[in-house]
Amino acid sequence: MKDILSDEFQQSVDEFLIRHRSIIDLLTKFQESTARVNRAVAKSVTGCGCIQIQASQQKIPVEVTLKEVRNYMDDHLRGSLCENCREVVEEEIGNHLFYLAALANSLDINLYDILIRQNKKVAALGVFSVY
């Protein structure tokens, strides 16, 4: 069964997007929304401090299989988003999804179809679908 929510979301975006219909506007708004997500996460680290980034080289033993590599990968995050930061990050991700849907609409692309294809690809390739 086709996911109604993603189709409804794309239809809502199409209906309510008024000002930024130009593909140039959409591309720049999409890029701006990416930067705003990044900024919200960065402010959670530098402004609030609810999360910390402790990055170092990934240490993966030579003898592990590709499937086991996941167990040795660190996300470099410490802590968790506080309620306020979570709200801001979720808002910015929501805006990002809005402009993603608008871009897809402009190009006559259905996001749900992309999700289905991508999920099949990841499921079929398993750990070999590494990005």
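Helices (H or I, at least four residues) and strands (E, at least two) are DSSP runs, numbered from the N terminus. That labelling is used in all the legends here, and the model they describe is a predicted one.

**View 1. Asn71 sits in the loop between S1 and S2.** Asn71 is out in the open, since its relative accessibility of 63% counts as exposed. For a sense of distance, pick Ile60 as a partner: Asn71 and Ile60 are 11 residues apart in sequence, and their C-alpha atoms are 9.0 Å apart in space.

**View 2. His76 belongs to the loop between strand S1 (51-53) and strand S2 (77-79).** Here's one to check on your backbone plot: His76 isn't a glycine, yet its phi is positive, at about 65°. Is His76 buried or exposed? His76 is buried, because its relative accessible area is 15%, and the cut-off for buried is under 20%. Leaving aside residues up to four places away in sequence, His76 touches Gln52, Ile53, Gln54, Ala55, Ser56 and Gln58. Glu32, which turns up again in View 5, is 44 residues from His76 in sequence and 25 Å away in space, C-alpha to C-alpha.

**View 3. Arg78 and Asp74 pair up in a salt bridge.** The closest N and O atoms of Arg78 and Asp74 are 2.8 Å apart. Neither partner is fully hidden: Arg78 is partly exposed at 29% relative accessible area, and Asp74 is partly exposed at 30%. This pair is one of 5 salt bridges in the structure.

**View 4. Arg21 reaches Asp14 through a salt bridge.** How far apart are the closest N and O atoms of Arg21 and Asp14? They are 3.2 Å apart. Arg21 is partly exposed, with a relative accessible area of 43%. Asp14 also counts as partly exposed, its relative accessibility being 38%.

**View 5. Glu32 and Lys29 form a salt bridge within helix H2.** The closest N and O atoms of Glu32 and Lys29 come to 3.4 Å. Why are the two about one helical turn apart? Because Glu32 and Lys29 are 3 residues apart in helix H2. Glu32 is another partly exposed residue, at 37% relative accessibility.

**View 6. Asp7, in helix H1 (residues 4-16), shares a polar contact with Asn110.** The contact joins the two side chains at 3.0 Å. Asp7 is a charged residue worth a second look: its relative accessible area is 17%, so it is buried.

**View 7. Nine residues make up the largest nonpolar core.** The members are Val13, Leu17, Leu26, Tyr99, Ala101, Ala102, Leu103, Ala104 and Leu111. Helix H3 (residues 83-106) supplies the largest share of this core, 5 residues. Zoom in on Ala102 and you'll find Val13, Leu17 and Leu26 in contact with it, not counting residues up to four places away in sequence. As a rule, nonpolar side chains in soluble globular proteins tend to be buried together.

**View 8. Some nonpolar residues form a patch on the surface.** The patch covers about 490 Å² and is made by Ile23, Ile24, Leu27, Leu107, Ile109 and Ile114. Which helix gives the largest share of the patch? Helix H2 (residues 23-48) does, with 3 residues. Ile24 is found in helix H2, and it is exposed because its relative accessible area is 56%, where the cut-off for exposed is over 50%.

**View 9. Asp108 lies in the loop between H3 and helix H4 (111-125).** Asp108 has a positive phi of about 55° although it isn't a glycine, so keep His76 from View 2 in mind, as His76 has a positive phi too. Asp108 is exposed, its relative accessible area being 72%, whereas His76 is buried at 15%.

Methods. Residues are numbered from 1 along each chain as its sequence is written. This is a predicted model: local features need pLDDT of at least 70, side-chain atom pairs count only at pLDDT 80 or more; totals for chains, interfaces and linings use all residues. Side-chain values use heavy atoms; hydrogens and water are left out. Patches are made of residues with over 30% relative accessible area and no salt bridge: like charges are joined within 9 Å, nonpolar side chains (Val, Leu, Ile, Met, Phe, Trp, Tyr) within 5 Å. Accessible areas come from the Shrake-Rupley method with a 1.4 Å probe; for residues, only the protein chains shown count as cover. A salt bridge is a side-chain nitrogen of Lys or Arg within 4 Å of a carboxyl oxygen of Asp or Glu. Buried means under 20% relative accessible area, exposed over 50%, partly exposed in between (1.4 Å probe, protein chains only). A nonpolar core is a set of buried Ala, Val, Leu, Ile, Met, Phe, Trp, Tyr and Cys residues joined through side-chain atoms within 4.5 Å. Contact means heavy atoms within 4.5 Å. A polar contact is a pair of N or O atoms within 3.5 Å; within protein, one must be able to donate a hydrogen and the other to accept it, and residues adjacent in sequence count only if both atoms are side-chain atoms.
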